[in-house]
Amino acid sequence: MTPLPVLDQAAGLLARLDQAPCNGCDACGTRCTAGIRILKAEFEAIQAELARLPAAEVARVIHQEKRLPIPGTAEQYVACRFRDVERGRCLIYPARPLICRLFGHVEWLPCPIQQTAGPQPGGVALMQAYADYPRQTYEEWLSEETAASPSDS
Ligand code: SF4
């Protein structure tokens, strides 16, 4: 992964978070929506995780229907391509992007069932620094990579 100062800053904040209430919990799973913009370094980490996982498991999750009803409404949303909607978990959890790691621990992404300790100091400053770097969706980074190496596709 490309070294970035903002990821060191993120590591410092993430190390202070108490993730214990999140163990085995999927209450924020419906917030795993398509279109999250991530850093190139995060895209590369996801690619490495996908290469490590069994191909059949990747295919099982990637090919699930991601257009889903919003619970309690007649509306629909599109889930993240890495959301395992059958088993209620993240396919690439060890390599999930920063925004996913912060869920439940920052002001603008509160825990939907109030089980975490609430907003932690430094989250807003971290996201301001993070936003200074180029970000695109996973699909946009993939498209760029494929265009740069057409023989690999
Ligand atoms: S990468 Fe994982 S944790 Fe993040 S939105 Fe997608 S499924 Fe959810």
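The following conversation goes through a predicted model, from its ligand shell to single residues.

Reader: Before we begin, what should I know about the model and the numbering?

Author: This is a predicted model, in which local features need pLDDT of at least 70 and side-chain atom pairs count only at pLDDT 80 or more, while totals for chains, interfaces and linings use all residues. Residues are numbered from 1 along each chain as its sequence is written.

Reader: Which residues are around the ligand?

Author: They are Cys32, Ile36, Cys80, Phe82, Arg83, Cys90, Ile92, Arg96 and Cys100. A residue is near a molecule if its C-beta atom, placed from the backbone, lies within 6 Å of it.

Reader: How do the residues of that shell divide by type?

Author: Seven are nonpolar, none is polar and two are charged. Here Ala, Val, Leu, Ile, Met, Phe, Trp, Tyr, Cys and Pro count as nonpolar, Asp, Glu, Lys and Arg as charged, and the others, Gly among them, as polar.

Reader: Now the interior. Which residues touch the most other members of the largest nonpolar core?

Author: That core has 14 residues, and Phe43, Ile46, Phe82, Ile92 and Tyr138 touch the most other members. A nonpolar core is a set of buried Ala, Val, Leu, Ile, Met, Phe, Trp, Tyr and Cys residues joined through C-beta atoms within 7 Å. Buried means that 20 or more other C-beta atoms lie within 10 Å of the residue's own, exposed means 12 or fewer, and partly exposed is in between, with C-beta atoms placed from the backbone.

Reader: Which elements supply at least two residues of this core?

Author: β1 (37-39), α2 (40-52) and α6 (138-148) each do so. Of the elements, α2 gives the most to this core, with three residues. Helices (H or I, at least four residues) and strands (E, at least two) are DSSP runs, numbered from the N terminus.

Reader: And what lies apart from it?

Author: Another core, of nine residues, lies apart from it, and Leu7, Leu98, Cys100 and Phe103 are among its members.

Reader: Back to α2. Which of its residues are buried?

Author: Glu42, Phe43, Ala45 and Ile46 are buried in α2. They cover an arc of only 160° around the axis, which puts them on the same side of α2. That arc is taken over the directions from the helix axis to the C-beta atoms. On the other side of α2, Ala51 and Arg52 are exposed.

Reader: What covers the buried residues?

Author: The cover includes β1, α4 (98-102) and α6.

Reader: What does Ile46 touch?

Author: Leaving out residues up to four places away in sequence, Ile46 touches Ile92, Ala95 and Tyr138. Contact means that the two C-beta atoms, placed from the backbone, lie within 7 Å. Ile46 counts as buried because it has 21 C-beta neighbours inside 10 Å. Its C-alpha atom and that of Ser143, 97 residues apart along the chain, are separated by 15 Å.

Reader: And Ile92?

Author: With the same residues up to four places away left out, Ile92 touches Ile46, Glu49, Leu50 and Phe82. Ile92 is also one of the residues around the ligand.

Reader: Where is Leu102 placed, and is it buried or exposed?

Author: Leu102 is in helix α4. It is buried, with 21 other C-beta atoms within 10 Å. Beyond its neighbours within four places in sequence, Leu102 is in contact with Leu109 and Gly123.

Reader: What about Tyr77?

Author: Tyr77 is found in strand β3 (residues 76-78). It is partly exposed, with 16 other C-beta atoms within 10 Å. Residues up to four places away in sequence aside, Tyr77 touches Thr33, Leu68 and Ile70.

Reader: A change of topic: which loop holds Gln114?

Author: Gln114 lies in the loop between β7 (109-110) and α5 (123-130). Although it is not a glycine, Gln114 has a positive phi of about 50°. Most residues other than glycine have a negative phi. Gln114 is exposed, with 10 other C-beta atoms within 10 Å.

Reader: And lastly, where does Glu107 lie?

Author: Glu107 lies in the loop between β6 (105-106) and β7. It is exposed, with 11 other C-beta atoms within 10 Å. Not counting residues up to four places away in sequence, Glu107 touches Pro119, Gly123 and Val124.
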